[in-house]
Structures are given as C-alpha cells and as structure tokens.
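Me: I am new to this structure and would like to learn how to read it, feature by feature. Please give the general idea each time, then the case at hand.

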Amino acid sequence: MAVILKGAPVVAAMNEANAARCAALAARGITPTLAVVRMGERPDDLSYERGVITRCGKVGVTVKQYLLPADAAQDELLAVLAEVNADPSIHGCLLFRPLPKQFDDRTIRAALAPEKDIDGITDGSLAGVFTNTAIGYPPCTAQACLEILKHYNIPLSGRRAVVVGRSLVVGKPAAMMLDRENATVTLCNSRTQNLPSLCREADIVVVAMGKMGYIGADCLREGQVVVDVGIHVNEEGKLCGDVRFAEAEPVVEAITPVPGGVGTVTTSVLVGHVVDAAEKAAAAV
C-alpha cells in the first residue's frame with residue numbers, strides 16, 4: 001500500500017514559515033499585502049478567494065479586493081492593474097482568470113508587473129521559470145507539486161521524472177522546476193506514443209492532463225512516486241483526479257490524494273509568494 005502524500009502537513013509547515021516571515025516584516029513596519037482582482041461572481045472564483053483570504057489572515061498578509069462586474073470594459077481592468085502596479089504598499093496581485101470574453105487575455109497579462117505577479121501568469125514570470133532567474137514567480141500549482149515532493153524528502157536529483165500534460169499553468173513549468181532539481185525529465189502530452197511504457201520507466205510521475213482518470217495501473221509500477229494535479233467531480237459527485245487512485249494506490253510507493261493533495265498546498269504557495277515579494281520590496285528600499 002502506498003504512502004499517502006497529504007497536503008495538510010505541507011500547508012502547516014508553510015503556514016508556520018510564512019507567519020514567522022510576516023512577523024519579521026511587521027517588526028520593520030511592513031505588512032505584506034495582496035491585491036485580489038476579480039470580475040463577476042463565478043462560484044469557483046468566490047470559493048478560491050475565500051480560501052486565499054482565510055490563509056492570508058492566518059499568517060499576517062493583508063488582502064485588498066478590487067471587484068469589477070463581469071461586463072466591465074477592458075480599460076476599467078487595465079486601470080485597476082495600473083493602480084496595483086503603482087501602489088508600493090501592494091506586493092502581489094491575484095488576477096482571476098479565465099477573463100470574460102470581452103477581455104484580451106494577452107493584453108491584460110502584459111499589463112501586470114511581473115514582480116507583483118504572484119500567480120505566474122505573465123510572460124515575464126514564465127521566462128523566469130524557464131531561465132531560472134528571479135523574474136516574477138512560477139505558477140502556484142506547479143510549485144505546489146515541488147513543495148510536496150521536498151516536504152516528504154522525495155529524492156529528485158538524478159531521478160527520472162515524467163510529466164503528463166504540457167500546459168503553461170502546470171506541466172511545462174513543473175517540468176522545468178524538476179529539471180532545475182537535476183531530475184531527468186520527459187514531458188508528455190495526449191499524442192505521446194507509448195505513454196504507459198514511458199510512465200513506467202519514471203521514478204516520479206506528475207499527472208496534469210486535466211482529464212479524469214487518465215492514468216491507471218497500466219502506466220505505473222512499484223517504487224514510483226505519483227503527484228496527481230487533476231481535480232474533477234465524478235458521476236457519484238465525488239472529487240477525483242487525473243489518476244485512477246484505486247488502481248494506483250496498491251501499486252506505487254507514494255501518491256498524492258484528491259482531494260487533500262496538491263490543491264491544498266497551492267494557496268500556501270501563493271501566500272508565500274506575496275511574503276517573498278514584500279521581502280524583496282523591503283530590501284530594495
């Protein structure tokens with residue numbers, strides 16, 4: 001039976017570290033501050049926003065909300081982002097996407113200053129991931145995968161890793177971050193030939209295809225560590241991932257659960273990015 005790599009212990013450790021960093025900043029008169037920019041009232045956005053606000057409050061990060069109607073004009077959103085960029089008391093910005101159809105996503109992303117892009121959505125942040133330079137921040141979900149592996153002391157250097165899924169939100173940045181840890185990485189997609197064989201060769205399998213139950217026992221072997229990024233609702237109304245957990249858990253060495261795995265860590269990563277941005281801003285003064 002596999003070791004279950006639960007997110008809760010990772011979150012607890014990150015919260016403790018973030019709270020200590022916030023306290024050190026508070027002693028210098030600095031309050032890490034996150035701008036939340038949201039258009040409309042999508043239920044999933046509202047749920048995530050509540051989680052972010054709660055997590056921020058636990059460690060000492062202040063949240064400033066910018067709420068626009070779903071039918072707002074693009075110029076209105078650009079004006080908000082310009083205000084966020086210009087305000088030195090705001091250290092990070094969470095912009096909810098996907099944007100309503102009247103917005104040009106590329107234009108909006110380009111308007112956010114990379115140093116305040118704590119969710120890794122700008123081209124500058126992604127360039128930082130791929131060049132291993134401190135421009136902006138990596139996407140939070142991709143970093144959450146690495147945080148879990150490191151918390152549980154999963155060896156990465158010299159290990160073979162397969163990342164299934166090539167999105168800019170998870171797959172590609174996660175692959176680059178594993179490469180940075182000296183893993184040998186294969187990035188796969190829906191058209192990859194011999195996917196089960198490639199997956200079985202890996203020591204670490206990160207699955208971020210966005211397809212429910214995409215990976216099963218035919219892709220797995222004993223001794224592997226599996227990180228399941230997917231989140232779906234099945235026919236029974238239960239949350240499940242991209243990996244068929246019931247098939248994988250008896251086979252592999254360790255696996256993240258859904259729910260209770262990567263998703264729980266993502267918010268703490270975001271909060272940590274805000275704190276880091278505040279520390280960088282303080283150092284620059």
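**Reading the strands**

Reply: Strand β2 (residues 33–39) and β4 run parallel and are joined by 4 bridges. The model is predicted, with local features needing pLDDT of at least 70 and side-chain atom pairs counting only at pLDDT 80 or more, while totals for chains, interfaces and linings use all residues. Residues are numbered from 1 along each chain as its sequence is written, and side-chain values use heavy atoms, with hydrogens and water left out.

Me: When do two strands pair, and what is the bridge partner of Val-37 in β4?

Reply: Strands and helices are DSSP runs numbered from the N terminus: E of at least two residues for a strand, H or I of at least four for a helix. Two strands pair if DSSP finds at least two bridges between them. In this case Val-37 has Leu-95 of β4 as its bridge partner.

Me: In what order do the 3 strands of this open sheet stand?

Reply: The order is β3-β2-β4, with parallel pairing. β3 (62–68) and β4 are at the edges with a single partner strand each, so one side of each has no neighbour in the sheet. On average, neighbouring strands here are turned by 20° against each other, direction ignored. For such angles, axes are lines fitted to C-alpha atoms, for helices over the stretch in contact, and the angles run from 0 to 180 degrees between N-to-C directions.

Me: Which helix lies across β2, β3 and β4?

Reply: That is helix α3 (residues 74–86), which runs at about 160° to β3. Contact, here and below, means heavy atoms within 4.5 Å.

Me: How is the sheet of 6 strands ordered?

Reply: This open sheet has the order β1-β11-β8-β7-β5-β6, and its pairing is parallel. Its edges are β1 (3–4) and β6 (184–188), each with a single partner strand, so one side of each is left without a neighbour in the sheet. Helix α7 (residues 171–180) packs on the sheet and touches β5 (160–164), β6 and β7. The direction of α7 makes about 170° with that of β6. Within the sheet, β7 (residues 204–207) and β8 (residues 225–228) pair in the parallel sense over 4 bridges. One of the positions to look at is Val-205, whose bridge partner in β8 is Val-226.

**Reading helix contacts**

Me: At what angle do α6 and α10 pack?

Reply: The angle is about 105°, and the axes are 8 Å apart. That makes α6 roughly perpendicular to α10 (angles under 35 degrees count as roughly parallel, over 145 as roughly antiparallel, 65 to 115 as roughly perpendicular and the rest as oblique). Residues of α6 in the contact include Cys-140, Thr-141 and Gln-143, and those of α10 include Val-262, Val-265 and His-273. By class, the contact has 8 nonpolar, 4 polar and 1 charged residues. The classes are these: Ala, Val, Leu, Ile, Met, Phe, Trp, Tyr, Cys and Pro are nonpolar, Asp, Glu, Lys and Arg are charged, and the others, Gly among them, are polar.

**Reading pockets**

Me: How is empty space found?

Reply: Rolling a probe the size of a water molecule over the atoms shows where empty space is left. A pocket, on a 1 Å grid over the protein atoms alone with a 1.4 Å probe, is an open set of points with protein on both sides within 12 Å along at least five of seven lines; lining residues have an atom within 4 Å of a point. Grid points are joined across faces, edges and corners, and a volume is the space filled by probe spheres set on the points. The largest pocket holds about 1,200 Å³ of space. Its lining has 44 residues, and Tyr-48, Thr-141, Val-169, Ile-231 and Thr-266 lie nearest its centre. With 6 residues, α2 gives the most to the lining of the largest pocket. That lining has 21 nonpolar, 13 polar and 10 charged residues.

Me: What is the volume of the second largest pocket?

Reply: The volume is about 470 Å³. The second largest pocket is lined by 26 residues, and nearest its centre are Tyr-137, Pro-138, Gln-143, Glu-147 and His-273. Here α10 gives the most to the lining, with 5 residues.

**Reading the backbone**

Me: Which residues does a cis peptide bond join, with omega about 5°?

Reply: The bond joins Arg-97 and Pro-98, and Pro-98 is in the loop between β4 and α4.
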